[in-house]
Amino acid sequence: MKSMGTLGFCLFISIFFAVGFGLLGFGVRAWTLSGKARHWPTAPGRMLSCELQESSDSDGTTYQTIVRYEYWVEGRRYEGNRIAYGYSGSSGRGAHQEIQARLQNARSLQVRYDPDDPAECALSYGLNRSTLTMLVFAITWLLFVTGFTALFFLSQKPDVTLLDTLITSD
């Protein structure tokens with residue numbers, strides 16, 4: 001019966017590990033792609049639309065700058081909407097307003113594009129706050145789940161040291 005409880009716990013906790021590793025994978029992927037974008041060539045671009053999107057629900061309000069731009073590579077026109085790999089909304093309105101103001105007031109843009117697939121593009125590169133937040137959250141999540149798992153398995157073991165050093169008279 002004890003092994004059924006352990007099996008149940010393992011199945012249950014595996015969901016939390018899967019979520020943590022999924023978040024970590026997303027963050028590492030965004031960081032990696034952003035690093036590649038650092039070395040991509042740039043092409044002249046022009047902002048088509050730029051707005052600060054506000055979304056509210058029972059958890060609060062989040063903000064995100066939403067863009068659409070065009071750029072030209074070897075005489076061919078492309079459209080993009082990625083500010084940076086991993087960039088996402090958050091509750092910090094000021095940071096997203098700054099991004100929106102900078103992009104909205106830009107007369108021109110330099111768009112980074114993948115030379116192997118010019119439709120793949122971004123306006124910025126590097127480890128941005130959204131990606132860093134995702135990585136820190138994923139690592140913290142995995143550390144917590146690992147600690148919780150260790151506590152569960154420790155609680156299932158007998159206290160050998162206590163039993164071995166306990167002095168009793170029979």
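Strands, like helices, are taken here as DSSP runs numbered from the N terminus, with at least two residues for a strand. In this predicted model, tyrosine 78 belongs to one such run, strand β3, which covers residues 76–80.

Tyrosine 78 makes a convenient starting point. With a relative accessible area of 12%, tyrosine 78 counts as buried, because buried means under 20%. Setting aside residues up to four places away in sequence, tyrosine 78 touches Tyr69, Glu70, Tyr71 and Val73, and also Pro118 and Ala119. Leucine 109 lies 31 residues from tyrosine 78 in sequence, and the two C-alpha atoms are 13 Å apart in space.

Attention now turns to helix α2. This helix runs over residues 93–104, and at 1.5 Å a residue its 12 residues should span 16 Å; the C-alpha atoms at its ends are indeed 16 Å apart, in agreement with that expectation. Which residues of α2 are buried? They are His96, Gln100 and Leu103. Viewed down the axis of α2, the buried residues fall within an arc of 70 degrees, so they line one face of the helix. A general rule helps in reading this pattern: an α-helix has 3.6 residues a turn, so residues three or four places apart point the same way. On the other side of α2, Glu98 and Arg102 are exposed. The cover over the buried residues of α2 includes strands β1 (42–57), β2 (60–73) and β4 (109–114), together with helix α3 (129–156).

Arginine 93 is also part of helix α2. Its relative accessible area is 36%, and arginine 93 is therefore partly exposed, since this class lies between the 20% and 50% cut-offs. Beyond its neighbours within four places in sequence, arginine 93 is in contact with Leu52, Glu54 and Tyr63. Glutamine 53 is 40 residues from arginine 93 in sequence, with a C-alpha to C-alpha distance of 9.8 Å.

Helices α2 and α3 come up again at the largest pocket, where each supplies at least two residues of the lining. How much space lies in this pocket? The volume is about 360 Å³. The lining is made up of 19 residues, and those closest to the pocket centre are Tyr87, Ser88, Asn128, Arg129 and Ser130. Helix α3 gives the most to the lining, with five residues. By character, the lining residues divide into nine nonpolar, nine polar and one charged.

Notes
Residues are numbered from 1 along each chain as its sequence is written. This is a predicted model: local features need pLDDT of at least 70, side-chain atom pairs count only at pLDDT 80 or more; totals for chains, interfaces and linings use all residues. Side-chain values use heavy atoms; hydrogens and water are left out. Helices (H or I, at least four residues) and strands (E, at least two) are DSSP runs, numbered from the N terminus. The expected span of a helix is 1.5 Å times one less than its number of residues. Buried means under 20% relative accessible area, exposed over 50%, partly exposed in between (1.4 Å probe, protein chains only). The arc is that of the directions from the helix axis to the C-beta atoms. Contact means heavy atoms within 4.5 Å. On a 1 Å grid over the protein atoms alone, a cavity is a set of points where a 1.4 Å probe fits but cannot get out, and a pocket is an open set with protein on both sides within 12 Å along at least five of seven lines; lining residues have an atom within 4 Å of a point. Grid points are joined across faces, edges and corners, and a volume is the space filled by probe spheres set on the points. Ala, Val, Leu, Ile, Met, Phe, Trp, Tyr, Cys and Pro count as nonpolar, Asp, Glu, Lys and Arg as charged, and the others, Gly among them, as polar.
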